[in-house]
Amino acid sequence: MKNQEFNLQPEFLEDDITKLVPLEETHFNALFEIASDPLLWEQHPIKDRYKKEVFQSFFDAALDSKSGFVIVNAATNEIIGTTRFYDYKPENSSIAIGYTFLDRKYWGGSYNKSNKKLLIDYAFQHVDSIFFHIGAENFRSQKAVLKLGATKVNEMNFPPTADGILHFEYELVK
């Protein structure tokens with residue numbers, strides 16, 4: 001199955017808890033409403049992403065990636081966050097999952113695990129390795145990827161430039 005084309009934005013990924021819907025321009029307002037909560041970004045390297053102009057560039061990059069999703073509560077059809085694939089390297093049989101955030105009322109439950117499992121199960125049909133890049137101070141997300149079975153494999157600047165922000169790289173192997 002690995003030789004099939006890897007569509008980084010499939011139309012249909014869902015379980016009983018969440019649906020992942022390809023990101024569209026029309027999702028901006030719902031996502032910004034969630035993102036405008038400063039506490040959401042407290043442990044995040046980009047702490048001012050709650051500001052509209054900062055969030056706009058995050059959103060535009062997600063849209064341009066053509067691999068972003070809104071996370072939808074399957075029971076209520078409410079948009080509760082976003083996530084995406086990035087850094088696909090067919091030659092290494094790897095991809096990264098990240099740029100994820102959830103409305104704080106969905107923290108600590110099964111929603112993050114659900115959307116990650118949907119992406120992981122789908123990605124493992126095409127790659128052998130999945131990476132997560134998490135800010136050094138983002139303890140919540142570090143604990144979450146460890147619960148998924150990922151292992152810390154590297155410390156790096158992200159983006160990988162001299163003025164990038166220290167991130168920990170975690171790997172989940174098929």
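A residue counts as buried when its relative accessible area is under 20%. Keep that cut-off in mind as we walk through this structure, which is a predicted model.

Let's start with helix α3, which covers residues 111-123. Its buried residues are Ser114, Asn115, Lys116, Leu118, Leu119, Ile120, Tyr122 and Ala123. You can also check the length of α3 for yourself: at 1.5 Å a residue, its 13 residues should span 18 Å, and the C-alpha atoms at its two ends are indeed 18 Å apart.

Helix α3 also helps to line the largest pocket, whose volume is about 1100 Å³. In total, 38 residues line this pocket, and Thr100, Asn112, Lys116, Asn138 and Ser141 lie nearest its centre. Two or more lining residues come from each of β5 (94-102), α3, β6 (129-135), α4 (139-147) and β8. By type, the lining is made up of 20 nonpolar, twelve polar and six charged residues.

Strand β8 (residues 165-173) brings us to a strand pair: it runs antiparallel to β7 (residues 151-158), and seven bridges join the two. One of these pairings puts Lys152 opposite Tyr170 in β8. Six residues lie between β7 and β8, and the two strands form a hairpin.

Finally, look at the backbone of two residues that are not glycine. Asp87, in strand β4 (residues 79-89), has a positive phi of about 55°. Tyr99, in strand β5, has a positive phi too, near 55°. Asp87 is partly exposed, with a relative accessible area of 39%, and Tyr99 also counts as partly exposed, at 30%.

Key. Residues are numbered from 1 along each chain as its sequence is written. This is a predicted model: local features need pLDDT of at least 70, side-chain atom pairs count only at pLDDT 80 or more; totals for chains, interfaces and linings use all residues. Side-chain values use heavy atoms; hydrogens and water are left out. Helices (H or I, at least four residues) and strands (E, at least two) are DSSP runs, numbered from the N terminus. The expected span of a helix is 1.5 Å times one less than its number of residues. Buried means under 20% relative accessible area, exposed over 50%, partly exposed in between (1.4 Å probe, protein chains only). Two strands pair if DSSP finds at least two bridges between them. On a 1 Å grid over the protein atoms alone, a cavity is a set of points where a 1.4 Å probe fits but cannot get out, and a pocket is an open set with protein on both sides within 12 Å along at least five of seven lines; lining residues have an atom within 4 Å of a point. Grid points are joined across faces, edges and corners, and a volume is the space filled by probe spheres set on the points. Ala, Val, Leu, Ile, Met, Phe, Trp, Tyr, Cys and Pro count as nonpolar, Asp, Glu, Lys and Arg as charged, and the others, Gly among them, as polar.
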